[in-house]
Amino acid sequence: MKVGIGQDSHRFDPSGTKKLVLGGVAVDSDLFISANSDGDVVLHALTNAISGVTSVNILGEIADKMCFEDGITASAEYVKEALKHLAGGKVSNVSFSIECAVPEISPIIPQMRENIAELLQIGKDNVGITATSGEGLTPFGRGEGVQVLCSILVD
C-alpha cells in the first residue's frame, strides 16, 4: 500500500472567463477562476496525490503539454493520465479537504463524490470530501480563491 498527498489552489479572477469547476461539477455562481486548464482544483489536487505515489510529475510536465500543445483542458484527462502510471496499483480510497469562503461546497459534494468515484472506478463511499472556510485566516478563507488538499490510498 502507498499513500499520496496532493495540493492545489487557484485564485478567483473577477475579469476572467473560466467558470468555477470543482470535482467535475460546474458551479452555479458568478465566480471565475484563473487557470490554463479548466482550473478544477479538486482534480488537480487528486492528480498531484497520484504523482506523489508514482513520482511522475503530471501537472508540471505532461498536463502542460496536453493543455498547450494538444488543447486538452479538462482536468479529468490529467487524472486519467496520472492513473496510467500506477503500474497495476489502484486507488482504493481518497479524501479531500476544500478551503474556501465561497462557494458553499455542501450542496455539490454528492455530485463531486459520484464524479470522482466514476473517474477512479471506486465506490462513492470511498470518496470523502470535507470543506472549511478556515475562519477567514487565509486568502482562501477570505474569498480570494480555493485551496484543496487530497490524500489517496493505493493498493
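The exchange below covers helix packing, salt bridges and one loop residue in a predicted model.

Trainee: At what angle do α2 and α3 pack?
Mentor: Take α2 as residues 58–68 and α3 as residues 75–83. Their axes lie 10 Å apart. The packing angle is about 125°.

Trainee: Which word describes how α2 and α3 lie to each other?
Mentor: Their angle is about 125°. Angles of 65 to 115 degrees count as roughly perpendicular, and those over 145 as roughly antiparallel. The pair falls in neither class, so α2 and α3 are oblique.

Trainee: Is the crossing of α2 and α3 left-handed or right-handed?
Mentor: The sense depends on how the near helix is turned from the far one. Clockwise gives one hand, anticlockwise the other. For α2 and α3 the crossing is right-handed.

Trainee: How many charged residues are in the contact of α2 with α3?
Mentor: From α2 come Ile58, Leu59, Ile62, Ala63, Met66 and Cys67. They meet Glu77, Tyr78, Glu81 and Ala82 in α3. By class, the contact has 8 nonpolar and no polar residues. The charged residues number 2.

Trainee: How do α1 and α3 lie to each other, roughly parallel or roughly antiparallel?
Mentor: Helix α1 spans residues 41–54, and its axis is 9 Å from that of α3. The two pack at an angle of about 10°. Angles under 35 degrees fall in one class. Therefore α1 and α3 are roughly parallel.

Trainee: How many polar residues does the contact of α1 with α3 have?
Mentor: On α1 the contact uses Leu43, His44, Leu46, Thr47 and Ile50. On α3 it uses Ser75, Ala76, Tyr78, Val79, Ala82 and Leu83. By class there are 8 nonpolar and no charged residues. The polar count is 3.

Trainee: How many salt bridges does the structure hold?
Mentor: Side chains of opposite charge can pair when their charged atoms come close. The cut-off here is 4 Å, from a Lys or Arg side-chain nitrogen to an Asp or Glu carboxyl oxygen. The total is 6.

Trainee: Which residues does the network of salt bridges join?
Mentor: Start with Lys65 and Asp70, whose side chains meet at 3.5 Å, N to O. Lys65 is partly exposed at 42% relative accessible area. Asp70 is partly exposed too, at 45%. Bridges that share partners make one network of Lys65, Glu69 and Asp70.

Trainee: How many residues apart are Asp125 and Arg113?
Mentor: These two form a salt bridge, with the closest N and O atoms 3.6 Å apart. Asp125 sits in the loop between α4 (109–120) and β7 (127–132). Arg113 is in helix α4. The pair is 12 residues apart.

Trainee: Does Asp125 count as buried or exposed?
Mentor: Its partner Arg113 is partly exposed, at 22% relative accessibility. Asp125 has 69%. The upper cut-off is 50%, so Asp125 counts as exposed.

Trainee: What is the N to O distance in the salt bridge of Arg142 and Glu144?
Mentor: Arg142 is partly exposed, with a relative accessible area of 48%. Glu144 is partly exposed at 43%. Their side chains meet at 3.6 Å.

Trainee: What separates the C-alpha atoms of Thr138 and Glu99?
Mentor: Thr138 is in the loop between β7 and β8 (145–154). Thr138 is partly exposed, at 24%. Along the chain, Thr138 and Glu99 are 39 residues apart. Their C-alpha atoms are separated by 9.0 Å.

Terms used. Residues are numbered from 1 along each chain as its sequence is written. This is a predicted model: local features need pLDDT of at least 70, side-chain atom pairs count only at pLDDT 80 or more; totals for chains, interfaces and linings use all residues. Side-chain values use heavy atoms; hydrogens and water are left out. Axes are lines fitted to C-alpha atoms, for helices over the stretch in contact, and angles run from 0 to 180 degrees between N-to-C directions. Helices (H or I, at least four residues) and strands (E, at least two) are DSSP runs, numbered from the N terminus. Contact means heavy atoms within 4.5 Å. Ala, Val, Leu, Ile, Met, Phe, Trp, Tyr, Cys and Pro count as nonpolar, Asp, Glu, Lys and Arg as charged, and the others, Gly among them, as polar. Buried means under 20% relative accessible area, exposed over 50%, partly exposed in between (1.4 Å probe, protein chains only).
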